[in-house]
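Please examine the protein shown here. The paragraphs that follow lead from its overall layout to its interior and then to a single residue.

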Amino acid sequence: MRRPASLRVTPLSRLGAEISGISPRASLANGPVAAQVRRALDEHGLLLFRGQSDLKPEHHVELGSWFGTV
């Protein structure tokens, strides 16, 4: 499956990857973007979403739901 055009996964030096081009504030739990983020976590072991200091508790719950039952 191809990544949506807006989703970018940039590997970090030794562990993890930076996710950019999408917002965890978006409701994407059942979509292809969430599936690509889950695959990136499987591949890189750690994901970094920069610039997300304004996330509300409900956004954290939504993002957590991308990976399974919260």
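**From layout to detail**

Along its sequence, the protein follows the pattern β-β-α-β-α. It thus has two helices and three strands, where helices (H or I, at least four residues) and strands (E, at least two) are DSSP runs numbered from the N terminus. This is a predicted model, in which local features need pLDDT of at least 70 and side-chain atom pairs count only at pLDDT 80 or more, while totals for chains, interfaces and linings use all residues. Residues are numbered from 1 along each chain as its sequence is written, and side-chain values use heavy atoms, with hydrogens and water left out.

Of the 70 residues in the protein, 34% are buried, meaning under 20% relative accessible area with a 1.4 Å probe, protein chains only. The largest nonpolar core has 13 residues, among which Ile-19, Ile-22, Val-37, Leu-47 and Phe-49 touch the most other members. Such a core is a set of buried Ala, Val, Leu, Ile, Met, Phe, Trp, Tyr and Cys residues joined through side-chain atoms within 4.5 Å. Strand β2 (17-20) and helix α1 (32-44) each supply at least two residues of this core, and the largest share, four residues, comes from α1.

Is Glu-18 of strand β2 buried or exposed? Glu-18 counts as buried because its relative accessibility is 18%. Its side chain makes a polar contact with the side chain of Arg-50 at 3.1 Å; a polar contact is a pair of N or O atoms within 3.5 Å, where, within protein, one must be able to donate a hydrogen and the other to accept it, and residues adjacent in sequence count only if both atoms are side-chain atoms.

Key: Buried < 20%, exposed > 50% of the residue type's maximum accessible area, 1.4 Å probe, protein only.
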